[in-house]
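User: I am a first-year student and would like a close look at one part of a protein model. Please keep the explanation plain and connect the part to its surroundings.

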Amino acid sequence: MNNLKLFAIPLLLIIPIIGFSQNLDKILKENTGKRTDTLIHFKTDPPYNYIPLTIISGKEKGPVFTIIAGIHGYEYPPITAVQELIKEIDPQKLKGTLVVIPIANIASFYKRTPFVNPLDGKNLNNAFPGSESGSITEQIANYITKQIIPFSDVFLDIHAGDANEDLLPFVCYYNNTSEEKKTLLSSKLSEISGINHIVSYPYTIAKTEPAKYAFKQASQDGKTALSIEAGKLGNVQVKSVNLIKNTVYNMLSYMEIYSRDKTPVKNPSAVYLNNQEYVKSDYNGIFHSSLKSGDYIKKGDKIGFISDEFGQLLTEIKAPATGVILYKIGTPPVNKGETVFCIGF
């Protein structure tokens, strides 16, 4: 017989955007050792005009750790991992608060649409800071920017390879030198994450420029912000789900928000990739490559080619840098301007 744990029964609320910041502030201050499940509705037509939000308040005060999955609704391992996490976390053992959006792009999820929200054709991970009066994607981005990020001490955005992406698991953050302490914590959390590859992106935007990406918005707003990439090709891999969960637990343990039996330590075999080279297609056509994510390549190597619909060669693709393939297109169709390889080094 399985041992049963009695957790607080989640409370489901349905709340419009207006005024929710006050409700969230109240929940965060109360720290009642409870879980609250909320539907946030936006000013568009149903049925996909909302996002789910879970708030798990610990009995003791502590940091606010925000987790977002499903910015792209076809990236299933993060969504599955977060579903399991919010069921496993015991509020009575939590020191601080978890703010969780299990699926940020509901329409993309239910319509099985890669990258974009089918209601407006926009990519949520290119829409920040968003707009309160814009389309559904812009409203969601605005809500996260205005109502979630300001309350967050740590902001974790979890992704995977979408329907056509073969991806190597990695954890990443922006090297925001104007927020040295927050960036240092992002680096420390990456090092104890348990993920072997750590990517540091250059941070080059001004405060007034659109951040576009969710965790870049959080970094721009002075938060400790990271992203996990684990999973690929629009499938649920149990290994990727478990890796994501382990990473989250490691981060929570390191911050003394949620204790585990083992203290997370710096990975001695971690590979640091502080530079990236993106290879884009010059053609619409059929993409061919025998390589996979994680493969090591050298500058000048032939790494693939593109043919037309008749199988005639359009162009060969050569590696512009020596490094490891972080992700690549994993299916044959390719459009002009698409990234076919991302090389980390």
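How much space lies in the second largest pocket, and which residues line this pocket closest to its centre?

Analyst: The model is a predicted one. In it, the second largest pocket holds about 300 Å³ of space. Its lining is made up of 14 residues, and Leu168, Pro169, Lys239, Ser240 and Leu243 are the closest to the centre. Sorted by kind, the lining has five nonpolar residues, seven polar ones and two charged ones. Helix 7, which covers residues 238-254, gives the largest share of this lining, namely three residues.

Helix 7 is also a good place to leave the pocket and look around. Lys245 lies in this helix and Glu88 lies in helix 2 (residues 76-88), so their pairing ties together parts that are 157 residues apart in sequence. The contact is a salt bridge between the two side chains, with 2.5 Å from N to O. The two partners can be compared by how much of each is accessible. Lys245 has a relative accessible area of 10%, and because buried means under 20%, Lys245 is buried. Glu88, at 34% relative accessibility, counts as partly exposed. Glu84 belongs here as well, since salt bridges with shared partners join Glu84, Glu88 and Lys245 into one network.

The structure has eight salt bridges in total, and two others can be set beside this one. In one of them, the side chains of Lys122 and Glu138 meet at 3.0 Å, N to O. Lys122 sits in the loop between helix 3 (106-110) and helix 4 (136-148), while Glu138 is in helix 4, and the two are 16 residues apart. Both ends are partly exposed: Lys122 has a relative accessible area of 33%, and Glu138 has 23% relative accessibility. In the other, the side chains of Glu316 and Lys302 form a salt bridge of 3.4 Å, N to O. Glu316 is in strand 16 (residues 313-318) and Lys302 is in strand 15 (residues 302-307), so this bridge ties together parts 14 residues apart in sequence. Glu316 counts as partly exposed at 41% relative accessibility, whereas Lys302 is exposed, with a relative accessible area of 51%.

Next comes the largest pocket, for comparison. The largest pocket has a volume of about 950 Å³. Its lining consists of 30 residues, with Asn125, Glu165, Tyr213, Tyr278 and Tyr327 nearest the centre. By kind, these lining residues are 13 nonpolar, nine polar and eight charged. Several elements each supply at least two residues of this lining, among them strand 6 (154-159), strand 7 (165-167), strand 8 (170-175) and helix 6 (214-220). Strand 12 (276-280) and strand 17 (323-329), from further along the chain, are also included.

Aromatic rings give another set of contacts. The structure holds 10 aromatic pairs. In one of them, the ring centres of Phe109 and Tyr110 are 5.0 Å apart and the planes stand at 75°, so the pair is edge-to-face. The angle decides the name here because planes over 60 degrees apart count as edge-to-face. Phe109 is partly exposed, with a relative accessible area of 22%, and Tyr110 is partly exposed at 45% relative accessibility. Another edge-to-face pair is formed by Phe287 and Phe341, with 5.7 Å from centre to centre and 70° between the planes. This pair links distant parts of the chain, with Phe287 in strand 13 (residues 285-288) and Phe341 in strand 19 (residues 339-344), 54 residues apart. Here both residues are buried: Phe287 has 7% relative accessibility, and Phe341 has a relative accessible area of 0%. Returning to Phe109 and Tyr110, ring pairs link these two with Tyr48, Tyr74 and Tyr76 into a cluster.

One more residue is worth a look. Arg35 is found in strand 2 (residues 35-41). Arg35 is buried, with a relative accessible area of 17%. Its side chain makes a polar contact with the side chain of Asp37 at 3.0 Å. The side chain of Arg35 also reaches the backbone oxygen of Ile86 at 3.2 Å.

To return to the request, the second largest pocket draws the largest share of its lining from helix 7, and Lys245 of helix 7 is tied to Glu88 of helix 2.

How values were computed: Residues are numbered from 1 along each chain as its sequence is written. This is a predicted model: local features need pLDDT of at least 70, side-chain atom pairs count only at pLDDT 80 or more; totals for chains, interfaces and linings use all residues. Side-chain values use heavy atoms; hydrogens and water are left out. On a 1 Å grid over the protein atoms alone, a cavity is a set of points where a 1.4 Å probe fits but cannot get out, and a pocket is an open set with protein on both sides within 12 Å along at least five of seven lines; lining residues have an atom within 4 Å of a point. Grid points are joined across faces, edges and corners, and a volume is the space filled by probe spheres set on the points. Helices (H or I, at least four residues) and strands (E, at least two) are DSSP runs, numbered from the N terminus. Ala, Val, Leu, Ile, Met, Phe, Trp, Tyr, Cys and Pro count as nonpolar, Asp, Glu, Lys and Arg as charged, and the others, Gly among them, as polar. Rings of Phe, Tyr and Trp (its six-membered ring) pair if their centres lie within 6.5 Å; planes under 30 degrees apart count as stacked, over 60 as edge-to-face and the rest as tilted. Buried means under 20% relative accessible area, exposed over 50%, partly exposed in between (1.4 Å probe, protein chains only). A salt bridge is a side-chain nitrogen of Lys or Arg within 4 Å of a carboxyl oxygen of Asp or Glu. A polar contact is a pair of N or O atoms within 3.5 Å; within protein, one must be able to donate a hydrogen and the other to accept it, and residues adjacent in sequence count only if both atoms are side-chain atoms.
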